[in-house]
Amino acid sequence: MAETIDIGLAPEGVQSLALKRANRHGLIAGATGTGKTVTLQVLAEAFAREGVNVFAADIKGDLSGCAAPGDPPPAWATARAAEINMPLTPEAQPAAFWDVYGELGHPVRTTVTEMGPVLMGRVLEATDAQEGALTIAFRLADDWLNEGKNEGLLLDLNDLRALLTYLSENSEDIGKKYGLVTPQSIAALQRKVLQLEMDGADRFFGEPAFKLEELTRARPDGKGTINVLASERLVQSPRLYSAFLLWLMSELWEQLPEVGDLDKPKLVFFFDEAHLLFRDAPKELINKVEQVVRLIRSKGVGIYFVTQSPADIPETVLAQLGNRFQHALRAYTPTDQKAVRAAAQSFRANENVDVAKEIQELNVGEALVSTLDAKGAPTPVARTKVRPPNSQVGPILPAQRAALMKANTAGRAYEKAVDRVSAHEILGKRAAQLADAEAREEAQAARDKEAAKAARTRSTGGATPRARSGGSRTTPLERQGGRVASGVFNTIVRELMRGILGTPSRRRR
Ligand SMILES: Nc1ncnc2c1ncn2[C@@H]1O[C@H](COP(=O)(O)OP(=O)(O)OP(=O)(O)O)[C@@H](O)[C@H]1O
Ligand SMILES: [Mg+2]
């Protein structure tokens, strides 16, 4: 196994990344079109070649190219390889495709319960009051689950909605035990859940939920797998995008065992468009990210943020990113200039490189590089011509993607959504039964009234006026009856499914 992966050539010599320090995180920054994605691809394919699994969000679809040999390479790649005297051997890497919307990859889902109130609040852009209501809803659901009641199971958005309805209908009782929730907060949350559904996010919440084994599984040929998350559409819902990646990161942190410093990481996680993660993020969330980033490296996971300016990343997080690839930055505005100065200060000095000046002069495909050496010390910053990737630059064809997806048995296990009995069905059924009983009473009262009227008419000898509620109109009772019947059928199907799938989902929050 190699100890380092080569990034490119600088006047000081070949610049590389020590695999042993790859879990000390990284940053790929630079203005649009300066070569960030190519650098990401160079790193990702080298990790895979060395047996390190990768997870990367693919914002423009171009990263999918890592699954195909770049043959023939584009002219710029051949020219760059010759210029820096590095080999360019067309080679594909193993890749798996994932997609929240289930279109460009196997579906990735998680349950509302697992997402938890904080991230869910962020996805819903909840105000403080609404987040408070969400927290109460989750606490109530948790208590139910602890009592062994499945109405506390929040799998999909229907479940969340049913729980919120229950909360508003029983706000007085619940308020006494858990704290006050206003009908306004609930109504606003309901609207936001609906909006989320209309954006297509309902496909993201549910089962089978994504298992982390998909990201940590070893391959028989010793290579790593590049897990590509199709994000072109997802990133249009920035809150969902960032909440999903945060969820994944915190799951990795919670579930993976401590391993200390390994010869190479178990997984490298590329977080593209990282500014979306921190934009308008409450301090509490930033603290949490900072903590996860700090602790996750001893689990063998390296996190690489990809963004335009280092200033997009909070100082506390930035300070932990040991491996830096800084492409050109433009400094038009005072804010830009501040970012350039900040970027410059974060590098270990090299007397031959005037960082603040050169950062603005870098050509496309050039980066200021500083990585952690085998001892963990930052290498002096070097102006590096980044090598071209061996895999294809630019997206693969839809047919290639489809073939790769078809061949991925583990991924195909997620294709079919499963909806087992949870809050929505149970609370829905309860409400239906309640309505049923009410409707029965109502119908009985109506019949009594009719009977009394008929008796009166008979006694006066007049004609019965034609009932206003004509034959085609169904009674509330009939409507409820239909709903209950189909509910029971669904319940049976779901119970069966559950039997096949085994235990209910793990729950922590
Ligand atoms: N290492 C390199 N050597 C030579 N040319 C490169 C290199 N990297 C990138 N380029 C050139 O720059 C183009 C844009 O690169 P890339 O897509 O990586 O930019 P980017 O920073 O990701 O852009 P965006 O911000 O739009 O996503 C490439 O198509 C290629 O022509
Ligand atoms: Mg890019």
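User: Which residues come nearest to ligand 1?

Analyst: In this predicted model, 14 residues surround ligand 1, and Gly35, Lys36, Thr37, Val38 and Gly365 come nearest.

User: Which helices each supply at least two residues of that shell, and which gives the most?

Analyst: Helix 1 (36–49) and helix 2 (75–84) each supply at least two residues. Helix 1 gives the most, with 3 residues.

User: How do the residues of the shell around ligand 1 divide into nonpolar, polar and charged?

Analyst: The shell holds 5 nonpolar, 7 polar and 2 charged residues. Gly counts as polar in this division.

User: What makes the set that includes Phe270 a nonpolar core?

Analyst: A nonpolar core requires buried residues of the listed nonpolar kinds, joined through C-beta atoms within 7 Å. The largest such core has 129 residues, of which Ala56, Leu163, Phe270 and Phe271 touch the most other members. Helix 9 (residues 238–255) gives the most to this core, with 9 residues.

User: Why is this core said to lie between domain 1 and domain 2?

Analyst: Domain 1 (4–10 + 22–108 + 210–329 + 385–412) and domain 2 (116–203) both give residues to the core, so it lies between them.

User: Which residues does Phe270 touch, not counting residues up to four places away in sequence?

Analyst: With that exclusion, Phe270 touches Leu40, Ala44, Val54, Ala56, Ala57, Tyr304 and Val306.

User: Why is helix 6 called hardly covered?

Analyst: A residue is buried if 20 or more other C-beta atoms lie within 10 Å of its own. Among the 8 residues of helix 6 (residues 171–178), the count of buried residues is 0, so the helix is called hardly covered. Just after helix 6, Gly179 takes a positive phi of about 115 degrees.

Definitions and conventions: Residues are numbered from 1 along each chain as its sequence is written. Chains are lettered from A and ligands numbered from 1 in the order in which they are written. This is a predicted model: local features need pLDDT of at least 70, side-chain atom pairs count only at pLDDT 80 or more; totals for chains, interfaces and linings use all residues. A residue is near a molecule or strand if its C-beta atom, placed from the backbone, lies within 6 Å of it. Helices (H or I, at least four residues) and strands (E, at least two) are DSSP runs, numbered from the N terminus. A residue is buried if 20 or more other C-beta atoms lie within 10 Å of its own, exposed if 12 or fewer, and partly exposed in between; C-beta atoms are placed from the backbone. Domain bounds come from an automatic or database domain assignment. Two residues are in contact if their C-beta atoms, placed from the backbone, lie within 7 Å.
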